[in-house]
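Colleague: Please put the model on the screen. I would like to go through it by question and answer.

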Amino acid sequence: MRPGRQPLNSYGWGFAWGGVVLFVGVVLLLDHMGVISAAGLWRFWPMILVLAGIVNLLDDCRRIWGVCLLVAGILLQLGQFGIVHVTWALLWPVMIIGIGVSLMWGSIKARRAGAASGEVSTGPGALNELAIFSGIEKRIMGKNFRGGRLVALFGGIEIDLWQAEMEGDEAVLQIDAIFGGVEIRVPDTWLVSSEGQGIFGGYSDSTHLRPPTDPAQQRKTLVIRGAAVFGGVEIRN
């Protein structure tokens with residue numbers, strides 16, 4: 001997502017879940033008033049997963065995850081009707097497979113995007129950190145920051161870029177937090193464009209932009225990609 005472009009999924013999620021909450025509220029109210037009986041309607045709870053899957057399909061970055069939710073919702077709904085026998089013990093491996101495929105697909109897309117735009121994320125000036133059941137803390141003060149890749153697997157990574165300077169106008173940082181956490185501190189002169197996806201996790205961007213001293217100066221943009229799976233990524237100043 002580039003500056004000035006609103007993701008379709010941001011609108012879809014708000015509208016879809018607003019409709020779900022509205023529907024549940026109306027059903028509970030009518031049930032309390034004795035107009036209808038809501039007991040039989042709870043058999044359709046897997047349709048919430050189907051709706052979540054459809055909304056995710058509208059986002060290019062979440063289509064694989066959307067397919068997994070859609071399939072899980074349909075199977076569970078068929079199970080409610082007794083057509084097929086589906087248990088959570090069967091669905092968990094499917095969900096894990098979906099998470100793995102989603103991570104691999106996101107990595108492939110990031111590599112293709114980097115190759116197409118000439119972005120370089122290896123070598124001098126690039127981060128390449130892997131924390132597995134461990135923690136990493138680094139302060140970057142170089143003048144040629146060019147992005148890179150961070151992976152936190154059951155671990156944590158803290159990167160301080162406050163005093164760093166970007167080599168070009170844009171840098172891409174691939175961040176994957178799997179049962180772990182990553183915290184990035186960036187200068188308040190950088191514009192952050194977050195394209196990461198959360199799978200039972202989330203990305204938090206609490207940065208703010210300082211007004212430029214020179215209006216003609218090109219802003220530096222840090223593009224954040226990757227996935228947070230049962231983990232979290234926080235970008236702040």
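**Salt bridges, cores and strands**

Modeller: The side chains of E165 and K143 meet in a salt bridge, with 3.5 Å from N to O. The model is a predicted one.

Colleague: Which parts does the pair of E165 and K143 tie together, and how many residues apart are they in sequence?

Modeller: E165 lies in the loop between β4 (156-160) and β5 (170-178). K143 lies in the loop between β2 (135-139) and β3 (147-153), so the pair ties together parts whose separation in sequence is 22 residues.

Colleague: Is K143 buried or exposed?

Modeller: Exposed means a relative accessible area over 50%. K143 has a relative accessible area of 54%, so the residue counts as exposed. Its partner E165, at 40%, is partly exposed.

Colleague: Which residue forms a salt bridge with E167?

Modeller: The closest N and O atoms of that pair are 3.8 Å apart, and the partner is R146. E167 lies in the loop between β4 and β5 and R146 in the loop between β2 and β3, so the pair ties together parts 21 residues apart in sequence. With a relative accessible area of 19%, under the 20% limit for buried, the partner is a buried residue: R146.

Colleague: Where does R210 lie, and which side chain does R210 meet in a salt bridge?

Modeller: R210 is in the loop between β9 and β10 (220-229), and the other residue of the pair is in the loop between β6 and β7 (190-194). The two are 22 residues apart and link distant parts of the chain. Their N to O distance is 3.8 Å, and the side chain that R210 meets is that of D188.

Colleague: Why does D188 count as buried, and what does R210 count as?

Modeller: Buried requires a relative accessible area under 20%. D188 has 12% relative accessibility and therefore counts as buried. R210 has 42% and counts as partly exposed.

Colleague: Which residues do salt bridges with shared partners join into one network?

Modeller: The structure holds ten salt bridges. Those that share partners join three residues into one network: R139, D160 and R185.

Colleague: Which residues touch the most other members of the largest nonpolar core?

Modeller: This core has 25 residues. The elements that give two or more residues to it are β1 (127-132), β3, β4, β5, β6, β7, β10 and β11. Its largest share, four residues, comes from β5. The members that touch the most others are L150, V182, I184 and L222.

Colleague: What does V182 touch, leaving out residues up to four places away in sequence?

Modeller: The contacts include L150, which is also among the core members that touch the most others. The full list for V182 is L150, A152, I157, I175, A177, G232, V233 and E234.

Colleague: How many residues does the second, separate core have?

Modeller: W65, L69, M95 and A227 are among its members. The count for this second core is ten residues.

Colleague: Which residues of strand β11 are on its covered face?

Modeller: Strand β11 spans residues 232-236. G232, E234 and R236 are on the uncovered face. The covered face has V233 and I235.

Colleague: Which residue of β11 stands opposite I184?

Modeller: Strand β6 (residues 181-185) pairs with β11 in the parallel sense over five bridges. Strand β9 (residues 202-205) also runs parallel to β11, joined by four bridges, and D205 has I235 as its bridge partner there. The residue opposite I184 is I235.

Colleague: What is the phi of F133, and where is F133 placed?

Modeller: Most residues other than glycine have a negative phi. F133 is in the loop between β1 and β2, and at 65% relative accessibility it counts as exposed. Its phi is positive, near 50°.

Colleague: What is the phi of F154?

Modeller: F154 is found in the loop between β3 and β4. At 40% relative accessibility, F154 counts as partly exposed. Its phi is again a positive value in a residue other than glycine, near 55°.

Colleague: What percentage of the residues in the protein is buried?

Modeller: The secondary structure comes to four helices and eleven strands. The protein has 237 residues, and the buried ones make up 35%.

Conventions. Residues are numbered from 1 along each chain as its sequence is written. This is a predicted model: local features need pLDDT of at least 70, side-chain atom pairs count only at pLDDT 80 or more; totals for chains, interfaces and linings use all residues. Side-chain values use heavy atoms; hydrogens and water are left out. Buried means under 20% relative accessible area, exposed over 50%, partly exposed in between (1.4 Å probe, protein chains only). Two strands pair if DSSP finds at least two bridges between them. A salt bridge is a side-chain nitrogen of Lys or Arg within 4 Å of a carboxyl oxygen of Asp or Glu. A nonpolar core is a set of buried Ala, Val, Leu, Ile, Met, Phe, Trp, Tyr and Cys residues joined through side-chain atoms within 4.5 Å. Contact means heavy atoms within 4.5 Å.
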